[in-house]
Amino acid sequence: MVDGNAMHRNVTASSSELNQALASTISALRTTHFTSAFTKLLSRLVTFDCAVIVGYRPGKHPIYLFDSLHQQRELLFQRYLMDAYQDDPFLLLLAQQQKEGVFTAKNIDSFKYRDGDYQQDFYQQTGWQDELCITLYLSEARWIVVYLGKLKGRAEPQVRFTDAERHQVTCYLSVLSALCQQHWNTPFHLASATVNGDIAATLRQSVGSFGKTLLTAREQQVAALMVQGMDSQEIAEYLAIGHGTVKNHRKRIYAQLGVASLSELFSLFLNHIVASSAGPDHR
């Protein structure tokens, strides 16, 4: 027979932990601790091994905001953010439906992959056994996408996200959305991304040093904002300069760095991150 009092105590403890995690996340709003607190809140709703959070803008590169990856992090920067995201079934579904939700791979079986190599050559290499994706609306042009992964070889027998887990997260979707809308009410800034101290420091250093030897201080500032997903009008407003001035800066940035498009500029920046993270001994 189940001990009813014991069951009540377990539920109460779980509710207490959830409430504490929610309070900590609210306290961390608009600070560099938010993404860590937000991920901890998610861990009170569903069991997962690692998480990745990106800012999504239709037709543009995702902007890295957070990760808790323990292995294969280079795939995130060298492959996913550079080009593999274009075949991400969750992002393709978001682009098509433009709605908030909580999804697993089995929820989008009817959604055809554009490229079967996405799973075979990238997804499987991460060691993820299953993936749960949360799409959160900020505005028509800005979304938060959260990926939660369960790794192969985990001690627990359950390596798939269950319908119950998906339902649990869905019940709190409006709360998660409200938190993200409060925190990310300005353009995404990669420099404020948080994770472990080493990668956070590397990202801030990479943003600050990108194009340093070839660009003026102002051009370097504009380039850093460009690779963080801001368009010319947003950059003009952020720096309090004219829209035409930003366009002139963009032309010179492209010329000085030898690129012909924003996509090439972004790829160059991601390579800069990889080189920076490798340190002075990088070959």
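This note goes through a predicted model point by point, from the whole chain down to single residues.

1. Overall make-up. The chain has 283 residues, of which 46% are buried, and its secondary structure comes to 12 helices and five strands. Among the contacts with a separation of 6 or more, 65% join residues that stand 24 or more positions apart in the sequence. A reader who follows the chain from one element to the next will therefore meet many contacts with partners from distant parts of the sequence, since residues 24 or more positions apart account for that 65%.

2. The largest nonpolar core. This core holds 80 residues, and the members that touch the most other members are Phe38, Ile134, Ile144, Tyr147 and Leu148. Strand E5, which covers residues 142–151, gives the most to the core, with seven residues. For Leu148, once the neighbours within four places in sequence are left aside, the contacts are with Leu42, Val46, Phe48, Cys50, Ala51, Trp128, Asp130, Glu131, Leu132, Ile134 and Phe161. One of these partners, Ile134, is itself listed with Leu148 among the core members that touch the most others.

3. Helix H2. This helix, residues 34–43, is mostly covered, with seven of its 10 residues buried. The buried residues are Phe34, Thr35, Ala37, Phe38, Thr39, Leu41 and Leu42. Two of them can be tied to the core described above: Phe38 is one of the members that touch the most others, and Leu42 is in contact with Leu148.

4. Helix H7. In this helix, residues 173–183, the buried residues are Leu173, Leu176, Ser177, Leu179, Cys180 and His183. Seen down the axis of H7, these buried residues fall within an arc of 160°, so they line one face of the helix. The spacing can be understood from helix geometry, since an α-helix has 3.6 residues a turn, so residues three or four places apart point the same way.

5. Thr104 and strand E3. Thr104 belongs to strand E3, residues 101–104, and is buried, with a relative accessible area of 2%. Leaving aside neighbours within four places in sequence, Thr104 is in contact with Phe90, Glu131, Leu132, Phe161 and Arg166. Glu131, Leu132 and Phe161 also appear among the contacts of Leu148.

6. Helix H4 and the loop after it. Ala95 is found in helix H4, residues 89–97, and is partly exposed, with a relative accessible area of 41%. Ala95 and Tyr56 are 39 residues apart in sequence, and their C-alpha atoms are 9.7 Å apart in space. Gln98 sits in the loop between H4 and E3, where its phi is near 50°, a positive value in a residue other than glycine. Gln98 counts as partly exposed, at 34% relative accessibility.

7. Phe77 in helix H3. Phe77 lies in helix H3, residues 73–80, and is buried, with a relative accessible area of 4%. Phe77 and Tyr64 are 13 residues apart in sequence and 8.7 Å apart in space, taken from C-alpha to C-alpha.

8. Ala240, His249 and helix H11. Ala240 is placed in the loop between helix H10 (232–239) and helix H11 (243–257). Its phi is near 60°, which is again a positive value in a residue other than glycine, and Ala240 is exposed, with a relative accessible area of 67%. His249, by contrast, lies in helix H11 itself and counts as buried, at 16% relative accessibility. Not counting residues up to four places away in sequence, His249 touches Arg218, Glu219, Val222 and Ile241.

9. Cavities. The count comes to four cavities of 30 Å³ or more, and the second largest of them has a volume of about 60 Å³. This second largest cavity is lined by Lys60, His61, Ile63, Met226, Val227, Gly229, Leu262 and Phe266. The elements that give two or more residues to its lining are helix H9 (217–227) and helix H12 (262–278). By residue type, the lining divides into five nonpolar, two polar and one charged.

How values were computed: Residues numbered from 1 in each chain as written. Predicted model: local features only at pLDDT ≥ 70, side-chain atom pairs only at ≥ 80, totals over all residues. Heavy atoms only, no water. 1 Å grid on protein atoms, 1.4 Å probe; cavity = no way out; pocket = protein on both sides within 12 Å on 5 of 7 lines; lining within 4 Å. Points joined across faces, edges and corners; volume = space filled by probe spheres on them. Helix = DSSP H or I, 4+ residues; strand = E, 2+ residues; numbered from the N terminus. Nonpolar A, V, L, I, M, F, W, Y, C, P; charged D, E, K, R; others polar. Buried < 20%, exposed > 50% of the residue type's maximum accessible area, 1.4 Å probe, protein only. Arc of directions from axis to C-beta. Contact = heavy atoms within 4.5 Å. Core = buried A, V, L, I, M, F, W, Y, C linked by side-chain atoms within 4.5 Å.
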